[in-house]
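Here are my notes on the model, set out as numbered points. Please read them with the structure open.

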Amino acid sequence: QTGTSTPGGKVIYLTFDDGPGKHTQRLLDILEQYNAKATFFVVNTGYKMKDSLKAIVDGGHGIAMHSVSHEYEEIYASEPSSKICTACRRSSRMQPA
C-alpha cells in the first residue's frame with residue numbers, strides 16, 4: 001500500500017468487534033490521527049448505525065460481518081458445534097459445569 005511503512009518488517013492488524021457503537025467515532029478519529037486503518041467486524045444493527053458505517057468506509061477502513069447475534073444456541077445449532085460451545089462456556093465459567 002502507498003504511504004505505509006513496516007518498521008522491521010512487522011505488521012499489526014487492527015480489528016474491532018461488535019460495533020458500531022458509542023465509541024466508533026472516537027476510534028475513527030484516533031485512527032485518522034495516526035494514519036492507521038482497521039477492520040470493523042459489525043453486528044446486525046438493523047441499519048440504525050448507517051452513518052457510522054458510512055464513516056468507517058469513508059475513512060478507508062474495512063467492514064466485515066461479525067454476527068447477527070451472540071445467541072450461541074442458534075449460531076452453533078449442529079450437535080458437534082453445540083458440544084464445542086458448551087465446552088467453551090464451561091471453560092470460561094460462563095456456565096456451571
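**Notes on the predicted model**

1. Helix pair. α1 and α2 are roughly parallel to each other. The angle between them is about 10°, and their axes lie 10 Å apart. With an angle of about 10°, the pair falls under the 35 degrees that count as roughly parallel. The meeting residues are Thr24, Gln25 and Leu28 on the α1 side, and Ser52, Ala55 and Ile56 on the α2 side. Keep in mind that this is a predicted model.

2. Overall layout. The chain holds four helices and three strands. Read from the N terminus, the order is β-α-β-α-β-α-α. The chain has 97 residues, and 16% of them count as buried. Its accessible surface is about 7700 Å². Carbon and sulfur atoms account for 54% of that surface. Take the contacts between residues at least 6 apart in sequence: 45% of these join residues at least 24 apart.

3. Nonpolar core. Which residues form the largest nonpolar core? There are seven: Leu28, Leu31, Ala38, Phe40, Val42, Leu53 and Ile56. Three elements, α1 (24–33), β2 (38–43) and α2, each give at least two of them. β2 has the largest share, with three residues. Two of the core residues, Leu28 and Ile56, also appear where α1 meets α2.

4. Phenylalanine 40. This core residue has a long contact list. Beyond four places in sequence, Phe40 touches Phe16, Thr24, Leu27, Leu28, Leu31, Ile56, His61, Gly62, Ile63 and Ala64. Among these partners, Leu28, Leu31 and Ile56 are themselves members of the core.

5. Histidine 61. Is this loop residue buried or exposed? Histidine 61 is buried, at a relative accessible area of 9%, because the cut-off for buried is under 20%. Histidine 61 sits in the loop between α2 (50–58) and β3 (62–67). Its side chain reaches the backbone nitrogen of alanine 38 at 3.1 Å. Setting aside neighbours within four places in sequence, histidine 61 contacts Leu28, Leu31, Ala36, Lys37, Ala38, Phe40 and Ile56. Of these, Leu28, Leu31, Ala38, Phe40 and Ile56 belong to the largest nonpolar core.

6. Threonine 24. This residue lies in helix α1. Its relative accessibility is 6%, so threonine 24 counts as buried. Outside four places in sequence, threonine 24 touches Phe40, Ser52 and Ile56. Ser52 and Ile56 are on the α2 side of the helix contact, while Phe40 is a member of the core.

7. Cis peptide. Which peptide bond is cis? The one from glycine 19 to proline 20 is, with omega near -10°. Proline 20 is in the loop between β1 (14–19) and α1. Lysine 22 lies in the loop between β1 and α1 too. Lysine 22 is exposed, with 78% relative accessible area. Its C-alpha is 10.0 Å from that of methionine 49, with the two positions 27 residues apart in sequence numbering.

8. Positive phi. Two residues other than glycine deserve a look here. Aspartate 18 has phi of about 65°. Aspartate 18 is in strand β1 and is partly exposed, at 40% relative accessible area. Asparagine 35 has phi near 50°. Asparagine 35 is in the loop between α1 and β2 and is exposed, at 57%.

9. Threonine 39. Where does this residue sit? Threonine 39 is in strand β2. Threonine 39 is partly exposed, with a relative accessible area of 27%. Threonine 39 and threonine 15 are 24 residues apart in sequence, yet 4.8 Å apart from C-alpha to C-alpha. Leaving out residues up to four places away, threonine 39 touches Leu14, Thr15, Phe16, Gly62 and Ala64.

Methods. Residues are numbered from 1 along each chain as its sequence is written. This is a predicted model: local features need pLDDT of at least 70, side-chain atom pairs count only at pLDDT 80 or more; totals for chains, interfaces and linings use all residues. Side-chain values use heavy atoms; hydrogens and water are left out. Helices (H or I, at least four residues) and strands (E, at least two) are DSSP runs, numbered from the N terminus. Buried means under 20% relative accessible area, exposed over 50%, partly exposed in between (1.4 Å probe, protein chains only). Contact means heavy atoms within 4.5 Å. Accessible areas come from the Shrake-Rupley method with a 1.4 Å probe; for residues, only the protein chains shown count as cover. A polar contact is a pair of N or O atoms within 3.5 Å; within protein, one must be able to donate a hydrogen and the other to accept it, and residues adjacent in sequence count only if both atoms are side-chain atoms. A nonpolar core is a set of buried Ala, Val, Leu, Ile, Met, Phe, Trp, Tyr and Cys residues joined through side-chain atoms within 4.5 Å. Axes are lines fitted to C-alpha atoms, for helices over the stretch in contact, and angles run from 0 to 180 degrees between N-to-C directions. Angles under 35 degrees count as roughly parallel, over 145 as roughly antiparallel, 65 to 115 as roughly perpendicular and the rest as oblique.
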